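Please open the structure in a viewer and keep the selection tool at hand. The tour below proceeds from one selection to the next.

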Amino acid sequence: MCESYYTKLEKEFPDVAKRYKQKLDIINGVDPFCLSDEMFSYNVKNFPKVTNMDIIAYLVLSKSYYTKQQMKAYKSLEAYKYFEAGFVSKCRCCKVGDYFVSAADVKHSQRMSEASLKLWIIINEDGSIECAHCTCIADAGEVCSHVGAVLFALEYIHREQETKSCTDVEATWNVPTVSKVNYERIRAINFGGIFLGSNISEIPPISQDQLSELLNKIVKGGSSSVITRVLEPWASEISQTPNVRTVANPFSNLYNEELEMLDLAELIAIGDALNVQISEEACLQIEANTKDQSSSVEWFQQRKGRITASNFKSACRTNAAKPSLPLIKNICYPPTI
């Protein structure tokens with residue numbers, strides 16, 4: 001048990017401290033607040049399978065330790081908005097005995113500049129919630145909105161894992177059905193063996209005139225082909241195309257995976273420390289390269305990370321404390337067509 005936190009609870013809220021100790025007894029007295037970050041896993045494969053029904057069963061149907069009545073914390077069901085707004089950070093999990101212990105930091109809903117709240121949740125292997133604790137004032141009832149937000153985060157993680165498509169995971173080869181493969185010289189291998197028994201007529205080779213006609217149609221249609229870059233006269237025409245000097249977008253490479261776990265205040269501090277400077281020459285070059293707007297590839301590149309005329313009004317009207325997620329995505333990842 002983390003003595004400093006428990007001692008504070010015992011002095012200020014004796015009943016809460018007693019209940020806190022009872023909750024820790026479920027996991028053999030281990031205090032999640034005292035566990036080091038190395039003991040937790042951020043790999044979603046190690047997270048419990050929490051579902052919507054588990055959340056409803058805990059927030060609404062479970063009984064309060066203090067009143068012995070059903071929690072009926074319907075307001076905490078609205079905590080999905082907290083999760084959707086990005087209030088939950090550093091969501092992690094570890095296994096203690098037969099239970100999952102999930103811990104996270106959650107920002108205050110009204111006091112964004114204050115340090116994030118700390119909480120932990122004890123979850124059974126089947127995904128049902130055993131109990132929870134948050135450092136907010138309201139968590140004497142154990143079902144505050146911050147706990148609800150983390151539960152919705154866990155449910156989202158489980159749902160995303162269950163609904164993964166084949167393109168979301170690493171590619172795998174089909175297990176071969178042939179148990180033994182005999183060695184053969186290459187010249188003795190019949191690579192066309194898969195077509196045995198099929199009626200396939202021999203395709204005559206394409207002539208030079210036919211190839212030229214095909215490639216001319218491709219080029220005239222505004223498309224390009226790899227073969228036109230190595231065959232004459234198309235290769236010479238491409239090499240003679242004047243090169244346009246491009247200017248790197250300083251806002252397109254600011255993403256850093258290590259910063260994902262930071263809260264809003266820490267990210268704002270890092271943003272304030274950035275010093276992005278663009279020379280007058282570069283500004284003139286960008287203007288020249290993007291005059292054609294959507295017809296210019298660089299126009300799309302330079303829009304990344306910038307508040308442009310098309311989203312300026314939305315940027316001015318959004319709540320700075322809880323900015324619109326679609327707006328943020330539109331600024332950072334604008335459409336490319």
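Begin by selecting K217 and E213, whose side chains form a salt bridge with the closest N and O atoms 3.6 Å apart. A salt bridge here is a side-chain nitrogen of Lys or Arg within 4 Å of a carboxyl oxygen of Asp or Glu. Both residues belong to helix 6 (residues 208-220), where they are four residues apart, about one turn of the helix. Helices (H or I, at least four residues) and strands (E, at least two) are DSSP runs, numbered from the N terminus. K217 is exposed, with a relative accessible area of 57%, while E213 counts as partly exposed at 45%. In these terms, buried means under 20% relative accessible area, exposed over 50%, and partly exposed in between (1.4 Å probe, protein chains only).

Before continuing, please note that this is a predicted model, in which local features need pLDDT of at least 70 and side-chain atom pairs count only at pLDDT 80 or more, whereas totals for chains, interfaces and linings use all residues. Residues are numbered from 1 along each chain as its sequence is written, and side-chain values use heavy atoms, with hydrogens and water left out.

Next, select K95 together with E125; this salt bridge has its closest N and O atoms 3.0 Å apart. K95 lies in strand 1 and E125 in the loop between strand 3 (117-123) and strand 4 (129-134), so the pair ties together parts that are 30 residues apart in sequence. K95 is partly exposed at 43% relative accessibility, and E125 is partly exposed at 49%.

Remain at strand 1 (residues 88-96) and select R92, then add D37 from the loop between helix 2 (14-25) and helix 3 (52-61). Their side chains meet in a salt bridge of 3.7 Å, N to O, and the pair links distant parts of the chain, 55 residues apart. Is each partner buried or partly exposed? R92 is buried, at 14% relative accessible area, whereas D37 is partly exposed, at 40%.

Now select R19, K23 and E142, which are linked in a network of salt bridges. Across the whole structure, a search finds seven salt bridges.

Finally, turn to the cysteines and select C136 and C134. How many disulfides are there? The count is zero, a disulfide being a pair of cysteine sulfur atoms within 2.5 Å. The closest cysteine sulfur to that of C136 is in C134, 3.6 Å away, which is too far for a bond. C136 is buried, with a relative accessible area of 12%. As a last selection, choose C332, which is partly exposed at 37% relative accessibility.
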